[in-house]
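Biologist: Please take one part of this model and go through its contacts carefully, with the cut-offs stated as you use them.

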Amino acid sequence: MNRTLLDDKAKSLLHEVESNLALVSLICPKKWDGQARLGVNDLAAVQMKDALESSGSKKDMIAVHTGTSDPAKRWSKDGFAALCRKIEESGRDVVFIGGPEESALASSLTSQLSGHPLNLCGKTSLRQLAALFAQERVR
């Protein structure tokens, strides 16, 4: 390979996805259309429907991901708490998504909320996550 790409990740000029796509473009001329397609299977759909029902919430839910690959970009706990309170004030509940490393923060935030928050951090596969977003009341 005789082409190079300037490593700008530390400057935060591009989202990590855009940086990775720029790298891939060096060897693949096809442009990504911005769409991610992951089918939802019946089992994952049932599992996510059951998880939502177990929260006790009958409201629409907003998914919040507290993680980041760059700790310097992570919001403060207070910032996430304020966001989640605004979500509840808007008449919705919160569903936390992410890996196991986000679970402790999500649990802490869950205990501060008055609605029916649901912590799914570290508890979903990619198929289940796709099924979660396919649920009509999850945004």
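Biologist: In what order do the elements of the protein run from the N terminus on? After that, please look closely at helix 2 and helix 5: which residues of the two helices meet?

Modeller: From the N terminus on, the order is α-α-β-α-β-α-β-α, which comes to five helices and three strands (DSSP runs of H or I of at least four residues, and of E of at least two, numbered from the N terminus). This is a predicted model, in which local features need pLDDT of at least 70 and side-chain atom pairs pLDDT 80 or more, while totals for chains, interfaces and linings use all residues. Residues are numbered from 1 along each chain as its sequence is written, and side-chain values use heavy atoms, without hydrogens or water.

As a frame for the close look, the C-alpha atoms fill a box of roughly 55 × 35 × 25 Å along the principal axes, and 31% of the 139 residues are buried (under 20% relative accessible area, with exposed over 50% and partly exposed in between, for a 1.4 Å probe and protein chains only). Of the contacts (heavy atoms within 4.5 Å) between residues at least 6 apart in sequence, 65% join residues at least 24 apart.

The axes of helix 2, residues 42–54, and helix 5, residues 126–134, come within 8 Å and cross at roughly 60° (lines fitted to C-alpha atoms over the stretch in contact, with angles from 0 to 180 degrees between N-to-C directions). Helix 2 contributes Ala44, Ala45, Gln47, Met48 and Leu52 to the contact, and these meet Arg127, Gln128, Ala131 and Leu132 of helix 5.

Within helix 5, Leu132 is counted as buried because its relative accessibility is 0%. Beyond its neighbours within four places in sequence, Leu132 touches Met48 and Leu52, and also Val95, Ile97, Leu120 and Val138. The C-alpha atoms of Leu132 and Gln47 lie 8.8 Å apart, although 85 residues separate this pair in sequence.

Ahead of helix 2, in the loop that follows helix 1 (16–24), sits Asn41, which is partly exposed because its relative accessible area is 36%. The side chain of Asn41 reaches the backbone nitrogen of Ala44 at 2.7 Å, and Ala44 is itself one of the helix 2 residues that meet helix 5. Asn41 and Ala131 are 90 residues apart along the chain, yet their C-alpha atoms are separated by 7.6 Å.

On the other side of helix 2, in the loop that leads to strand 1 (61–65), is Ser57, which is buried because its relative accessible area is 2%. The side chain of Ser57 makes a polar contact with the side chain of Asp93 at 2.5 Å (N or O atoms within 3.5 Å, one able to donate a hydrogen and the other to accept it, with sequence-adjacent residues counted only if both atoms are side-chain atoms). That side chain also reaches the backbone nitrogen of Lys59 at 3.1 Å. Setting aside neighbours within four places in sequence, Ser57 is in contact with Leu52, Asp93, His116 and Arg137; Leu52, in turn, is among the residues that Leu132 touches.

Asp93 belongs to strand 2 (93–97), which, with helix 3 (77–89) and strand 3 (118–119), is included in what covers the buried residues of helix 4. Those buried residues, in helix 4 at 103–112, are Leu105, Ala106, Ser108 and Leu109, whereas Ala104 and Ser111 on the other side of helix 4 are exposed.
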